[in-house]
2 protein chains.
Amino acid sequence: MRKSKKERQACLQETIKENPFVTDEELANEFNVSVQTIRLDRMELAIPELRERIKYVAEKKMQDEVKSLPIEEVIGDIIDIELDKSAISIFDVKKEHVFTRNGIARGHHLFAQANSLAVAVINDEMALTGKADIRFVHPVKEGDRVVAKAKVIRSEKLRTIVEVASSVGNEVVFQGEFSMFRAPSSEKEEKNETGN
Amino acid sequence: MRKSKKERQACLQETIKENPFVTDEELANEFNVSVQTIRLDRMELAIPELRERIKYVAEKKMQDEVKSLPIEEVIGDIIDIELDKSAISIFDVKKEHVFTRNGIARGHHLFAQANSLAVAVINDEMALTGKADIRFVHPVKEGDRVVAKAKVIRSEKLRTIVEVASSVGNEVVFQGEFSMFRAPSSEKEEKNETGN
DNA sequence: CCGCTATTAGGACTAGGTACTAAGAACAGT
DNA sequence: ACTGTTCTTAGTACCTAGTCCTAATAGCGG
């Protein structure tokens, strides 16, 4: 049975939305109408042609291609930093950071924020995490803004101890002590204990 | 001045790679040759036509659209799992995982692999990391394949201790002990110590 | 039966190509 | 200087997935 115009157009919109790669001809077969009818429908619904749709998808891809590499250098936005002393970053928990089942943030994102802040606070060419002792104190949910504060506790020639505490509002959600290796430019791999 | 065929083809390949949206005509103008020459070049270099290129980009986008939410549930591919006992996952280190300056993987990726494996090995609705004690033993480089092995050490009512050891080849690169909370479905937030 | 909307058919044209033939240009080897 | 080879260009027919436009027909309400 053929659907009414309204039904068909609603259905068409849905179909194209979830599969932009479908041609007018395929749609015509699916809905048992002529290609021209499909074209008229697209007109009325202001849906662009196949090639435009594909192009649009590809362009979006290009856009977040550039987004997804350099930004990851530091997880969260550093809002204050005093090299070799302290640093603060904020990280907004979005839906891609949480378990779909319960909306609780995955631990590695909190770790990543803290760890990259510990790396950033060190005033050297390169810093690598050697050890870390961490504690997830309280669950973090989608929509929360996590503020991480890093403090340099002790600094030896090679090893630096950084303490990071993250909180949402007044509540501490994460604590960690990071033992960092400083690597002043040269590419030596000092035996044992090294890392990221 | 017009480039030699070899030069032009190398250049063309580069140009298309970083801007797949360029037409043969535009390329012909850029290199001061005819459209046909560009077509022959594409033939020889086995570069598909504009529309195919765009389609390919768009399809990739669609692919990692689905990849970037549910698949991130576990970082790395689980290749073996025995619930509440042990699990193994592999993680290939790509350029987006390393510091651009020295090609060494950022610690939080190794942590993420280990942590999500620790979550996965637990046979319960939900598991959250409470504490973790981790050690980056050796730096991991771009191209390395990291194999993480998780073993459940001890299991109480609420708390489970999971040990994870990651290695590249025969060399251990990361060790961690994760103290996990099991959360059997209900949304209780048992005071103190919880996390991801 | 008239009028209206919806649908369908057809023709002309478009972009951005493929596939093929054919001819001229550039240059090297002898 | 002539020949052979590669490179480049031109031109044609054809393709897909459309646009834009005109015109004919189908189905149905009043």
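## Close-up views of the protein–DNA contacts

**View 1. Residues of both protein chains surround DNA strand D in this predicted model.** Of the 16 residues around DNA strand D, those that come nearest are Arg51(A), Arg2(B), Arg8(B), Ser34(B) and Thr37(B). By class, the residues of this surface comprise 8 charged, 4 polar and 4 nonpolar. On the DNA side, sugar or phosphate supplies 73% of the atoms of strand D within 4 Å of the protein, and bases supply the rest.

**View 2. Polar contacts reach a base and the phosphates of DNA strand D.** The base contact is made by Arg51(A), which has a polar side-chain atom 2.6 Å from a base oxygen of the strand. At Leu50(A), a polar backbone atom lies 3.0 Å from a phosphate oxygen of strand D. From chain B, Arg8(B) places a polar side-chain atom 2.3 Å from a phosphate oxygen of strand D. The elements that contribute two or more residues to the surface near this strand are α3 (35–45) and α4 (50–67) of chain A, along with α1 (5–18) and α3 (35–45) of chain B.

**View 3. Residues of chains A and B also surround DNA strand C.** Arg2(A), Arg8(A), Ser34(A), Thr37(A) and Leu50(B) come nearest among the 16 residues around this strand. Of the atoms of strand C that come within 4 Å of the protein, 72% belong to sugar and phosphate. The surface near strand C divides into 8 charged, 4 polar and 4 nonpolar residues.

**View 4. Chain B makes polar contacts with the backbone of DNA strand C.** A polar backbone atom of Asp24(B) is 2.9 Å from a phosphate oxygen of strand C. The side chain of Arg42(B) has an N or O atom 3.0 Å from a phosphate oxygen of the strand, while a polar side-chain atom of Arg39(B) is 3.3 Å from a sugar or linking oxygen. Two or more residues of the surface near strand C come from each of α1 and α3 of chain A and α3 and α4 (50–67) of chain B.

**View 5. Helix α1 of chain A has a buried face and carries exposed residues on the side turned away from it.** The helix comprises 14 residues (5–18) and spans 20 Å from its first C-alpha to its last, close to the 20 Å expected at 1.5 Å a residue. Its buried residues are Arg8(A), Gln9(A), Leu12(A), Thr15(A) and Ile16(A). Viewed down the helix axis, the buried residues fall within an arc of 125 degrees and therefore line one face of α1(A). The face turned away from this buried side bears the exposed residues Lys6(A), Lys17(A) and Glu18(A).

Note on methods. Residues are numbered from 1 along each chain as its sequence is written. Chains are lettered from A and ligands numbered from 1 in the order in which they are written. This is a predicted model: local features need pLDDT of at least 70, side-chain atom pairs count only at pLDDT 80 or more; totals for chains, interfaces and linings use all residues. Side-chain values use heavy atoms; hydrogens and water are left out. Helices (H or I, at least four residues) and strands (E, at least two) are DSSP runs, numbered from the N terminus. The expected span of a helix is 1.5 Å times one less than its number of residues. Buried means under 20% relative accessible area, exposed over 50%, partly exposed in between (1.4 Å probe, protein chains only). The arc is that of the directions from the helix axis to the C-beta atoms. A residue is near a molecule or strand if one of its heavy atoms lies within 4 Å of it. A polar contact is a pair of N or O atoms within 3.5 Å; within protein, one must be able to donate a hydrogen and the other to accept it, and residues adjacent in sequence count only if both atoms are side-chain atoms. Ala, Val, Leu, Ile, Met, Phe, Trp, Tyr, Cys and Pro count as nonpolar, Asp, Glu, Lys and Arg as charged, and the others, Gly among them, as polar.
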